[in-house]
Amino acid sequence: MNRVDATFKKLKKEDKKAFIAYIAAGDPNLAVTKKLVFELESCGADIIELGVPFSDPLADGPTIQAASERALRNKNVTLDNIISLVKEIRPRTEIPL
């Protein structure tokens, strides 16, 4: 069972709802994104969604659109670097990402 499924199963058993936090990866930079993951976990997030910024986020609202635009201004915010960031985070936490 993956971490997301296990979290939902645990919460359902406890009759609780999930707190799923969203972060646009790379906004304002990848170092801050890394810190935010651990901070959100310590604040009680059950799952953290790392959004991969892209150049045409029309389906998202204005807040996520702006976050994507800010992240993409950083030359190092690429899918490969976001995956590398997750690999750095994973040994320090079991929170579903």
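Here are four short exercises, each with a worked solution, on a predicted model.

**Exercise 1: strands β1 and β2**

Work out how β1 and β2 pair, and how the chain travels from one to the other.

*Solution.*
- Start with the pairing: five bridges link β1 and β2, and the two strands run in the parallel sense.
- For one facing pair, look at Ile23, which stands opposite Leu50 in β2.
- Next, follow the chain: after β1 it passes through α2 and then reaches β2, a β-α-β crossover that is right-handed.
- Finally, check the surroundings of β2, residues 47-51. Four of its five residues are buried, so the rest of the structure largely encloses this strand.

**Exercise 2: one face of helix α3**

Find the buried residues of α3 (residues 62-72) and decide how they are arranged around its axis.

*Solution.*
- The buried residues in α3 are Ala67, Ser68 and Ala71.
- Now look down the axis of α3: these buried residues fall within an arc of 100°, so they line one face of the helix.
- A general rule helps here: an α-helix has 3.6 residues a turn, so residues three or four places apart point the same way.
- To see what lies over this face, turn to β1, which is part of what covers the buried residues of α3.

**Exercise 3: the setting of Thr93**

Decide whether Thr93 is buried or exposed, and list the partners of its side chain.

*Solution.*
- Locate Thr93 in the segment after α4 (79-89).
- Compare its relative accessibility with the cut-off: buried means under 20%. Thr93 has 4%, so it counts as buried.
- Search for side-chain partners: Thr93 and Glu41 make a polar contact of 2.6 Å through their side chains.
- Then look at the backbone, where the side chain of Thr93 reaches the nitrogen of Ile95 at 3.1 Å.
- Last, set aside neighbours within four places in sequence: Thr93 is then in contact with Phe38 and Glu41.

**Exercise 4: two loop residues**

Describe the backbone at Pro28 and at Asp15, and place each residue in its loop.

*Solution.*
- Begin with Pro28, in the loop between β1 (20-24) and α2 (30-42). The peptide bond joining Asp27 and Pro28 is cis, with omega about 5°.
- Move to Asp15, in the loop between α1 (3-13) and β1. Its phi is near 55°, a positive value in a residue other than glycine.
- To finish, apply the other cut-off: exposed means over 50%. Asp15 has 71% relative accessibility, so it counts as exposed.

Key: Residues numbered from 1 in each chain as written. Predicted model: local features only at pLDDT ≥ 70, side-chain atom pairs only at ≥ 80, totals over all residues. Heavy atoms only, no water. Buried < 20%, exposed > 50% of the residue type's maximum accessible area, 1.4 Å probe, protein only. Polar contact = N/O pair within 3.5 Å; in protein donor to acceptor, adjacent residues only side chain to side chain. Contact = heavy atoms within 4.5 Å. Arc of directions from axis to C-beta. Pairing = 2+ DSSP bridges. Right-handed = clockwise from strand over helix to strand, strands pointing away.
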